[in-house]
Amino acid sequence: MSLTRAEEQVMKYLWKLEKAFFKDLKQEYPDPKPATTTINTLLKRLIDKGYLNYKLYGNSREYYPLVSKHQYFSTHIAGLIKNFFGDSVEQFASFFTKEIEISEEEMKKLRDIVDKQIKAKNDD
């Protein structure tokens, strides 16, 4: 299940903080801060979608993510590859290296990463 940009923003703050009360979360937003009701609505939607939960301390809720940043972005990237590149990692890599401004040095680093992954798979 994908998240809206506003929901992703809440998750980014929670991933950064690891757990947070509402006031801590609201402080993360730049000025002008969104309305309390807006943030509360986003939190409720994220709970309903299974991305976060909370612990109750009296009347205060301490929110924490149920999905790690790594899990979310891995799933998100896999969905992009499936939906926009015909489930072809090769087409994704071709697009990525041709259409995104990447320096020669960055390309070499990418090649090193791929080479290390190939070596690791061969060593298994």
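Glu18 sits in the loop between H1 and strand E1 (20-21), and its backbone does something worth a look: phi is positive, about 75°, although Glu18 is not a glycine. Keep in mind that this is a predicted model. Exposed or buried, then, for Glu18? Glu18 counts as exposed, because its relative accessibility is 59% and the cut-off for exposed is over 50%. From that loop, the tour below goes to the other backbone oddities, then to H3 and its partner H1, and then on to the later helices.

**Backbone oddities**

- Asp87 also has a positive phi, about 65°, although it is not a glycine. You'll find Asp87 in the loop between H4 and helix H5 (89-99), and at 55% relative accessibility it counts as exposed.
- Right in that part of the chain, H4 is followed by Gly86, whose phi is positive too, near 55°.
- Gly50 comes just after H3 and takes a positive phi of about 85°.
- Which way round is the peptide bond from Asp31 to Pro32, cis or trans? That bond is cis, with omega near -5°. Pro32 belongs to the loop between H2 and H3.

**Helix H3: one side in, one side out**

- H3 covers residues 36-48, and its length checks out: at 1.5 Å a residue, its 13 residues should span 18 Å, and the end C-alpha atoms are indeed 18 Å apart.
- Four residues of H3 are buried: Ile39, Leu42, Leu43 and Leu46. They take up an arc of only 100° around the axis, so they sit on the same side of H3.
- What do those buried residues pack against? Their partners are helix H1 (5-17), helix H2 (22-28), strand E2 (52-57) and strand E3 (60-65).
- Turn H3 around and the face away from its buried side carries Thr37, Lys44 and Asp48, which are exposed.

**Where H1 meets H3**

- The axes of H1 and H3 come within 10 Å and cross at roughly 85°. That angle makes H1 roughly perpendicular to H3, because 65 to 115 degrees is the range for that label.
- On the H1 side, the residues involved are Ala6, Glu7, Val10 and Met11; on the H3 side they are Leu42, Leu43, Arg45 and Leu46. By type, the contact has 6 nonpolar residues, 2 charged ones and no polar ones.
- Glu7, in helix H1, is a nice one to click on. Its relative accessible area is 1%, so Glu7 is buried, given that the cut-off is under 20%.
- What does Glu7 touch, leaving out residues up to four places away in sequence? The list is Ser2, Leu42, Arg45, Leu46 and Lys49. Of these, Leu42, Arg45 and Leu46 are also among the H3 residues that meet H1.
- Ala6 is another H1 residue, but with a relative accessible area of 37% it is partly exposed. Ala6 and Ile39 are 33 residues apart in sequence, and their C-alpha atoms are 9.0 Å apart in space. Ile39 is one of the buried residues of H3.

**Further along the chain: H4 to H6**

- H4 (residues 69-84) passes the length check as well: 16 residues at 1.5 Å a residue should span 22 Å, and the end C-alpha atoms are 22 Å apart, which agrees.
- Ile102 is in the loop between H5 and H6. Setting aside neighbours within four places in sequence, Ile102 is in contact with Phe96, Thr97, Met107 and Leu110.
- How many residues separate Ile102 from Glu8 in sequence? They are 94 residues apart along the chain and 26 Å apart in space, C-alpha to C-alpha.
- Val114 is part of helix H6 (residues 104-123). With a relative accessible area of 47%, Val114 is partly exposed.
- The C-alpha atoms of Val114 and Pro30 are separated by 38 Å, with the two positions 84 residues apart along the chain.

Note on methods: Residues are numbered from 1 along each chain as its sequence is written. This is a predicted model: local features need pLDDT of at least 70, side-chain atom pairs count only at pLDDT 80 or more; totals for chains, interfaces and linings use all residues. Side-chain values use heavy atoms; hydrogens and water are left out. Helices (H or I, at least four residues) and strands (E, at least two) are DSSP runs, numbered from the N terminus. The expected span of a helix is 1.5 Å times one less than its number of residues. Buried means under 20% relative accessible area, exposed over 50%, partly exposed in between (1.4 Å probe, protein chains only). The arc is that of the directions from the helix axis to the C-beta atoms. Contact means heavy atoms within 4.5 Å. Axes are lines fitted to C-alpha atoms, for helices over the stretch in contact, and angles run from 0 to 180 degrees between N-to-C directions. Angles under 35 degrees count as roughly parallel, over 145 as roughly antiparallel, 65 to 115 as roughly perpendicular and the rest as oblique. Ala, Val, Leu, Ile, Met, Phe, Trp, Tyr, Cys and Pro count as nonpolar, Asp, Glu, Lys and Arg as charged, and the others, Gly among them, as polar.
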